Amino acid sequence: MIRTRGLTKRFGSLVAVDALDLDVREGDIYGFLGANGSGKTTTVRMLLGLVLATAGEIEVLDQPMPAAGRRVLPQVGALVEGPAAYPHLSGRANLALFDAMGPAGARASRSRRVDDVLDQVGLGGIDKRPVRAYSLGMRQRLGLASALLRQPRLLVLDEPTNGLDPQGIREIRGLLQDLHAAGTTIFLSSHLLAEVEQLCSRIGVLDRGRLVLQDQLSELRRPTGRTYVRTPDVARARALLDGSVEHHDDDSLLVRVDDAAALNALLVGGGVRVEVLAPERHTLEDVVLEAAQASADRIERVLPS
Amino acid sequence: MIAVELRKMVLSRRTWVTVLLIDALPTLVAVLLALTDLGPRPGTGPAFLSAVLTDGTLYPLAAIAIVVPLLLPIAVAVVAGEAIAGEAQAGTLRYLLIRPVGRTRLLVAKLVSVMAFVLLTVLVVAATAYLLGTLLLGRQDVVTAGTASISGTTLSTQELLVRTGLALVYAMLSMLGVAAIALFLSTVVDSPLAAALGTLAVLVASSLLLTLDAAHALQPWLPTRYWLSFVDLFRDPILWRDVLRGTGLQLVYVAVFLAAGWANFTTKDITD
């Protein structure tokens, strides 16, 4: 769905995006992670033809961008760096206006399309008040509605849950999961690890313009080979397991063992009371922090020597 | 896209406020003239204004001559300056372009919308002025007496209508030049205010240089040089020289600035 080769963008001497090889497959919910200023938004803008690449190739829906923009973009819905609307018009009037722009917006079915997407994002009962009076969350929903107007095959979303409350976030997550189940590929750019972890099947991590990691979430969160055990009988368990305990504290242990079931049988057989036993997994946070360096908006003082 | 831009223009309350504000000045002048009966002496003051006390049907032309030098260019600079920079500032530009609306198409639609705004303003001003002129100011039996041209001979109503139409087209063309400059600046800067003020700076500088004898060599090339030459359309016979030069000059400005704006906008990174 999205494939880039050696995608590079320089702003003057600053390299914002450096030789990016993205690979988003059909049916993915792709989480594009990166700190603020790591080049996520510039990448998204290049995918959509807003920013022109310095070097490299972009293919979206198997067609070159931005050259094939007129054919590709009607099948793409996007939310780029926050929603935007004409503040003096109502949400409905805004959607009708956006629907009238560009190709494939037949007038006869316009009001039905607008009603449909408003229902989808939970703004079906919206009144005539202007967007100026909307809350941040309502604007975010309206932006999402605008992205859905053309029933896109590909959704490119930059921080889609920004400004939403916890209920709203869960609702939007549900909506995205429904759309995905109906066959929409989703490219989700975010700096929120938890959001990406809950939603995405594939992850790319951007650090200072470079793609430092790109893999399936299940692969990244593979077991570490250790098993977590919680028990009141820590001392007895340590004696039983001997050298395979890598870490322990008052009521838990981390045991390096291949077979968790055998471990459980061994412990129970040895009279250890087991409260919790589970294979330890890599957390996305650990993986990402390991791959990426310090935060891009952190600027260290260089001490004079 | 043109239809969408026109709808946005018509739906915007600011469009109508601007038109009414522009219309207010010639209305005020008409009321003052009617109350005091003190017109400027022939040859002084805004064009045609000395004639309207005897012939109110000329007042639409006088009204256009009142708004063309200052009010209308300010409005055009603001509206056209906002075209691209305003969308960029509101964040809607990126959503327009990924709809997708082609960049060239968007520029054309914006230009058409600005000119529709000028046409709307000119028509409202002319219509109001015609009403006020015939109701408040001097009334002659146009059909029998005819209207006096500036040269003193009389013009038939038909001739007057044709020449008024030409004058409106000429005023529109002058404003198209302003719109082209403002649209170009609107693709360059990030703020609509900067684009509008930049355009006004060009116009103010041009007006200033026109009063300076030392700038004589530059004067035929200044954008405001021939703005009021439509007055020559009401001489008998018509004095075409300045009207034609003005037309040519505005076309050059329009071509140069639209080309520059297009070249800039179609290769620009949209980062706001």
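**Entry 1: chain A as a whole**

I began with the secondary structure of chain A and recorded eleven helices and 15 strands. I note here that the model is predicted. I then looked up the extent of chain A: along the principal axes, its C-alpha atoms fill a box of roughly 75 × 55 × 40 Å. Chain A has 305 residues, and 39% of them count as buried. For the contacts in chain A with a separation of 6 or more, I found that 68% are accounted for by residues 24 or more positions apart.

**Entry 2: one residue of chain A**

I selected Leu241(A), which lies in helix 9 of chain A, residues 234–241. Is Leu241(A) buried or exposed? I counted 20 other C-beta atoms within 10 Å, and a residue with 20 or more is buried, so Leu241(A) is buried. I also looked up its separation from Asp99(A), which is 142 residues away along the chain: the C-alpha atoms of the two are separated by 66 Å.

**Entry 3: where chain A meets chain B**

I listed the residues of the contact and found 22 from chain A and 20 from chain B. Which elements give two or more residues to the side of chain B that touches chain A? They are helix 1 (2–11) and helix 5 (92–97) of chain B. Helix 5 of chain B provides the largest share of this side, five residues. I then sorted the residues of this side by class and obtained eleven nonpolar, four polar and five charged.

**Entry 4: helix 8 and helix 10 of chain B**

Two packed helices are described by the angle between their axes and the distance between the axes. I looked up both values for helix 8 (residues 157–188) and helix 10 (residues 240–266) of chain B: the angle is about 20 degrees, and the axes are 8 Å apart. Angles under 35 degrees count as roughly parallel, and therefore helix 8 of chain B and helix 10 of chain B are roughly parallel to each other. The crossing of helix 8 of chain B past helix 10 of chain B is left-handed. From helix 8 of chain B, the residues in the contact include Leu173(B), Gly177(B), Ile181(B) and Phe184(B). From helix 10 of chain B, they include Val243(B), Tyr253(B), Phe257(B) and Gly261(B). By class, I recorded 15 nonpolar, seven polar and no charged residues in this contact.

**Entry 5: Thr187(B)**

I next examined Thr187(B), a residue of helix 8 of chain B. Thr187(B) counts as buried because 22 C-beta neighbours lie inside 10 Å. Which residues does Thr187(B) touch, not counting those up to four places away in sequence? I found Ile84(B), Gly261(B), Asn264(B), Phe265(B) and Lys268(B). Asn264(B) is 77 residues from Thr187(B) along the chain, yet their C-alpha atoms are separated by 6.8 Å.

**Entry 6: helix 8 and helix 9 of chain B**

I turned to helix 9 (residues 192–210) of chain B, which packs with helix 8 of chain B at an angle of about 140 degrees, with their axes 8 Å apart. That angle makes helix 8 of chain B oblique to helix 9 of chain B. The crossing of these two helices is right-handed. Helix 8 of chain B brings Val178(B), Ile181(B), Ala182(B), Leu185(B) and Ser186(B) to the contact. Among the residues of helix 9 of chain B that take part are Pro192(B), Ala195(B), Thr199(B) and Leu203(B). I counted the classes for this contact as nine nonpolar, three polar and no charged residues.

Conventions: Residues are numbered from 1 along each chain as its sequence is written. Chains are lettered from A and ligands numbered from 1 in the order in which they are written. This is a predicted model: local features need pLDDT of at least 70, side-chain atom pairs count only at pLDDT 80 or more; totals for chains, interfaces and linings use all residues. Helices (H or I, at least four residues) and strands (E, at least two) are DSSP runs, numbered from the N terminus. A residue is buried if 20 or more other C-beta atoms lie within 10 Å of its own, exposed if 12 or fewer, and partly exposed in between; C-beta atoms are placed from the backbone. Two residues are in contact if their C-beta atoms, placed from the backbone, lie within 7 Å. Ala, Val, Leu, Ile, Met, Phe, Trp, Tyr, Cys and Pro count as nonpolar, Asp, Glu, Lys and Arg as charged, and the others, Gly among them, as polar. Axes are lines fitted to C-alpha atoms, for helices over the stretch in contact, and angles run from 0 to 180 degrees between N-to-C directions. Angles under 35 degrees count as roughly parallel, over 145 as roughly antiparallel, 65 to 115 as roughly perpendicular and the rest as oblique. A crossing is left-handed if the near helix is turned anticlockwise from the far one by less than a right angle, and right-handed if clockwise.
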